[in-house]
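Trainee: Could we go through this structure together, step by step? I'd like to reason from the coordinates.
Mentor: Happy to; have a look at it first.

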Amino acid sequence: MAFFMAIVGVFLILCFCSALLRWNEVRYRKKGLPPGTMGWPVFGETTEFLKQGPSFMKNQRLRFGSFFKSHILGSPTIVSMDPELNRYILLNESKGLVPGYPQSMLDILGKCNIAAVHGSTHKYMRGALLSIISPTMIRDQILPKLDEFMSAQLSNWDDKIIDIQEKTKEMVFLLSLKQIASIKSSSTIADSFKTEYFNLVLGTISLPINLPGTNYHRGFQARKNIVSILSQLLKERRASNETHKDMLGYLMEREENKYKLSDEEIIDQVITLMYSGYETVSTTSMMAVKYLHDHPKALEELRKEHLAIRERKKPNEPIDSNDLKSMKFTRAVIFETTRLATIVNGVLRKTTQDMELNGYLIPKGWRIYVYTREINYDPFLYPDPLTFNPWRWMDKSLESQNYILIFGSGTRLCPGKELGITEISTFLHHLVTRYRWEEVGGNKLMKFPRVQAPNGLHMRFSSF
Ligand code: HEM
């Protein structure tokens with residue numbers, strides 16, 4: 001009898017689940033929507049997406065084509081894996097395809113954050129940002145300090161085992177403090193910033209549940225504390241009347257700077273700068289160290305390029321913009337690393353009105369996941385796509401190929417692209433001219449949803 005009851009129970013549960021799934025499908029069966037499945041009410045297909053990662057996307061593409069509907073990360077979403085369409089979406093923000101990043105990210109990064117603003121406000125904020133990380137700024141202001149910073153950070157690595165994941169994260173964080181507000185790595189302000197900043201980052205990738213103990217709550221609290229530290233800094237700088245040649249100094253400058261920002265805007269710009277360049281640059285640096293370790297020929301070629309630079313210079317002479325220009329293979333290594341590791345899986349957009357896209361009707365407020373990961377492994381663009389082959393980028397025309405969206409495209413093309421490349425190049429310069437390294441076993445790498453080494457990536461360094 002008990003066995004019979006159990007069977008009936010399982011049967012009823014299965015019926016209930018199947019009815020629930022069916023109801024959810026019917027709910028979203030609006031005329032004109034692309035094919036796809038919506039999963040469970042509220043949760044949608046988030047679990048499958050996070051668990052199966054790229055395979056989930058590839059399976060859905062096999063079933064429904066390169067443009068399908070789903071429900072992931074808390075919202076009905078259209079996934080676009082079509083290279084042509086992806087480009088179109090990124091180039092047409094003005095037609096109502098604005099950034100669609102999660103609410104927790106927008107709340108914590110602030111309402112003047114670049115991803116939260118559109119149209120003329122976005123243009124203005126972006127202009128202000130570009131003015132402080134322009135090629136001239138990189139050449140005259142950023143590079144000399146960057147070289148000094150990397151040189152100091154990479155001293156005393158001889159005969160040490162270093163978790164390169166932790167190290168690159170710490171370095172990028174400290175570098176941003178130095179570039180933004182000339183904050184020294186060893187200062188107390190750097191320490192208090194650090195705890196708050198890591199909480200802020202965690203908060204941006206959490207569910208927006210504002211209850212004590214949640215990552216969102218901690219992230220929001222961290223934002224408040226960071227805003228208060230930065231407000232204090234602005235106050236002190238104004239009171240002192242001193243001029244500061246750092247990013248904050250330029251943003252505060254009211255006479256010569258054509259972009260006049262309020263304090264709130266300045267603070268959100270600073271948070272944007274720290275946030276956007278943090279994981280992208282640190283993860284690319286970490287993966288470059290790993291790929292170069294695994295590919296001695298590429299490392300040899302890279303070292304040759306950097307030793308040639310050193311030969312032209314006095315010992316300890318900093319690198320300059322001409323040296324940077326000559327780092328052709330270094331640039332190729334950076335592009336190949338971002339491609340093969342897929343540092344950014346895609347970007348999110350949201351429709352501001354009902355619109356037609358690819359012959360389908362997309363309702364207002366739906367997310368569009370411009371999923372660019374698969375294009376990184378397209379054998380037509382990249383023969384033998386799973387091989388680390390920086391030489392493929394030595395043909396400069398590949399970088400400007402239309403479907404390559406490693407740094408985005410259109411009005412939201414990454415404004416920090418050249419800054420990021422300069423930072424990683426300077427890091428690699430000091431690394432390969434001073435050290436060789438061996439991986440210490442037991443490291444594990446995860447590629448999705450973020451590239452990370454859950455237990456760290458340990459390398460033993462010795463002087464070169
Ligand atoms: C390897 C390094 C980097 C990669 C792969 C990368 C990638 C990207 C991508 C794909 C986008 C487009 C986002 C979208 O369309 O929604 C983007 C935007 C952006 N990136 Fe980067 N990025 C890198 C480094 C940096 C750095 C160093 C900074 C600044 C310090 C930066 C600041 C930004 C900002 C502010 C945006 C938003 C632009 C806008 O909305 O107008 N990035 N980045």
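## Reading the fold

Mentor: To begin with, the chain has 16 helices and 10 strands. Keep in mind that this is a predicted model.

Trainee: What radius of gyration does the chain have, and what would a compact globule have?
Mentor: Start from the length, which is 464 residues. A compact globule with that many residues would have a radius of gyration near 23 Å, and the value for the chain agrees with this. Along the principal axes, the C-alpha atoms fill a box of roughly 85 × 55 × 50 Å. The radius of gyration of the chain is 24 Å.

Trainee: What percentage of the contacts between residues at least 6 apart join residues at least 24 apart in sequence?
Mentor: For background, buried residues account for 36% of the 464 residues in the chain. For the contacts, take those between residues at least 6 apart in sequence, and then ask which of them join residues at least 24 apart. That share is 69%.

Trainee: Let's turn to the sheets. In the open sheet of 5 strands, which are the edge strands?
Mentor: The strand order is S1-S2-S8-S5-S3, with mixed pairing. An edge strand pairs on one side only. From one strand to the next, the twist averages 35 degrees. The edge strands are S1 (67-72) and S3 (97-99).

Trainee: Within that sheet, which residue of S8 does Arg349 stand opposite?
Mentor: Strand S5 covers residues 346-351, and 5 bridges join S5 to S8. The two strands run antiparallel. Opposite Arg349, in S8, is Ile368.

Trainee: Which strands does helix H4 touch where it packs on this sheet?
Mentor: Look at helix H3 (residues 54-64) beforehand: H3 packs on the sheet through S1, S2 (75-80) and S8, with its direction at about 135 degrees to that of S1. Helix H4 (residues 83-91) packs on the sheet too, and its direction makes about 125 degrees with that of S8. The strands touched by H4 are S1, S2, S3, S5 and S8.

Trainee: Now the sheet of 3 strands: why is one side of S4 and of S9 left without a neighbour in the sheet?
Mentor: This open sheet has the order S4-S10-S9 with antiparallel pairing. S4 (160-163) and S9 (435-439) therefore each have one side without a neighbour in the sheet, because both stand at the edges with a single partner strand. Neighbouring strands here are turned against each other by an average of 35 degrees, direction ignored.

Trainee: Which residue in S10 is the bridge partner of Glu438?
Mentor: S9 and S10 (residues 458-463) run antiparallel and are joined by 5 bridges. Helix H8 (residues 164-181) packs on this sheet, touching S4 and S10, at about 70 degrees to the direction of S4. The partner of Glu438 is Arg460.

Trainee: Is Phe461 buried or exposed?
Mentor: Phe461 lies in strand S10. Outside its sequence neighbours within four places, Phe461 is in contact with Trp157, Asp158, Lys160, Ile162, Tyr435 and Trp437. Phe461 has 21 C-beta neighbours inside 10 Å, and the cut-off is 20 or more. So Phe461 counts as buried.

Trainee: Where is Cys414, and with which residues outside its sequence neighbours within four places is Cys414 in contact?
Mentor: The unreviewed UniProt entry places a "binding site" feature at Cys414. Cys414 sits in the loop between S8 (367-371) and H16 (417-434). Having 16 other C-beta atoms within 10 Å, Cys414 is partly exposed. Its contacts beyond four places in sequence are Phe407 and Gly408.

Trainee: Which peptide bond is cis, with omega near 0 degrees?
Mentor: Go to the loop between S9 and S10, where Pro449 is found. The cis bond runs from Phe448 to Pro449.

Trainee: What is phi of Asp159 near?
Mentor: Asp159 is in the loop between H7 and S4, and is exposed, with 9 other C-beta atoms within 10 Å. Asn156 is found in the loop between H7 (135-153) and S4, and its phi is near 65 degrees. For Asp159, phi is positive in a residue other than glycine, near 60 degrees.

Conventions
Residues numbered from 1 in each chain as written. Predicted model: local features only at pLDDT ≥ 70, side-chain atom pairs only at ≥ 80, totals over all residues. Pairing = 2+ DSSP bridges. Axes fitted to C-alpha atoms, helices over the stretch in contact; angles between N-to-C directions. Contact = placed C-beta atoms within 7 Å. UniProt positions renumbered as here; feature names shortened; annotations may be inferred. Buried ≥ 20, exposed ≤ 12 C-beta atoms within 10 Å, placed from the backbone. Rg over C-alpha atoms; globule rule 2.2 N^0.38 Å.
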